[in-house]
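Welcome! Take a moment to look over the structure below, then try each exercise before you read its solution.

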Amino acid sequence: MLETERLVLRQWKESDYLPFIHMGFDSEVMKYFPNCLTQQDSLNFIKAVTGMIDENKWGFWAVELKDSQEFIGFIGLHSQPTQFDFSPCVEIGWRLAKDFWGQGYATEGAKAALEYAFNTLNLDKVVSFTASVNKPSESVMKKLGMIKVKEFNHPKLPPNHYLEKHILYEIYRPI
């Protein structure tokens, strides 16, 4: 579990499932993904990430507001061992319900996750990537001090798909 001034990043709870399922149905939240998630897709995602957190003590943590304990999405770290030409790597990522956009939560939570990556996991580098059209996430990457490394075509998207072109950012452990 990680805490910031306004957030708690923690293992998922059953009470997170329904709000996360609703996030997956939301076309605005899923705008930079190939499609919205079905209920089963969301449950499969939760099962996978909770298993990783159980095993590794880190992953895509559920995020709640400290004051209200309201679930707002996820922020955290995820291993990418083979999928990309820049693998193996650990990525930082986030997805928040739209009611919580524009309030600095993604940046605040991601800073805590980066601190964990560098100070607890002793990683030298963390990456982040998104569709090149996803300017809000790219803005968070810049606020974190990440540097754009390259553009690439996502290997799981078909040629000429509107989300195929991706950007890769990275940040190294402070010296």
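Three exercises with worked solutions follow.

This is a predicted model, in which local features need pLDDT of at least 70 and side-chain atom pairs count only at pLDDT 80 or more, while totals for chains, interfaces and linings use all residues. Residues are numbered from 1 along each chain as its sequence is written, and side-chain values use heavy atoms, with hydrogens and water left out.

**Exercise 1: a strand and its surroundings**

Work out whether the residues of strand β3 (residues 60-65) are buried or exposed.

Solution. Start with the terms: buried means under 20% relative accessible area, exposed over 50%, and partly exposed in between, using a 1.4 Å probe and protein chains only. Strands (E, at least two residues) and helices (H or I, at least four) are DSSP runs, numbered from the N terminus.

Next, take one side of β3, where Phe60, Ala62 and Glu64 are buried. Then turn to the other side: Trp61, Val63 and Leu65 are buried as well. With 6 of the 6 residues buried, β3 is therefore largely enclosed by the rest of the structure.

**Exercise 2: the partners of β3**

Find the strands that pair with β3, and say in which sense they do so.

Solution. Two strands pair if DSSP finds at least two bridges between them. Begin with strand β2 (residues 7-10), which is antiparallel to β3 over 4 bridges; here Leu9 has Val63 as its bridge partner.

Now move on to strand β4 (residues 71-80), also antiparallel to β3, with 5 bridges. In this pairing Trp61 stands opposite Ile75. Finally, look at the connection: β3 and β4 make a hairpin with 5 residues between them, and Gln69 in the turn has a positive phi of about 60°.

**Exercise 3: rings around Phe20**

Describe how Phe20 pairs with the rings of Trp12 and Phe45.

Solution. Rings of Phe, Tyr and Trp (its six-membered ring) pair if their centres lie within 6.5 Å; planes under 30 degrees apart count as stacked, over 60 as edge-to-face and the rest as tilted. The whole structure has 17 aromatic pairs.

For Trp12 and Phe20, the centres are 5.1 Å apart and the planes are at 85°, so this pair is edge-to-face. Both residues are buried. Phe20 and Phe45 are stacked, at 5.3 Å centre to centre with 20° between the planes. That pair links distant parts of the chain, 25 residues apart: Phe20 belongs to helix α1 (residues 14-25) and Phe45 to helix α2 (residues 39-56).

As a last step, place these residues in their cluster: Trp12, Phe20, Phe45, Phe60, Phe71 and Phe74 form one aromatic cluster.
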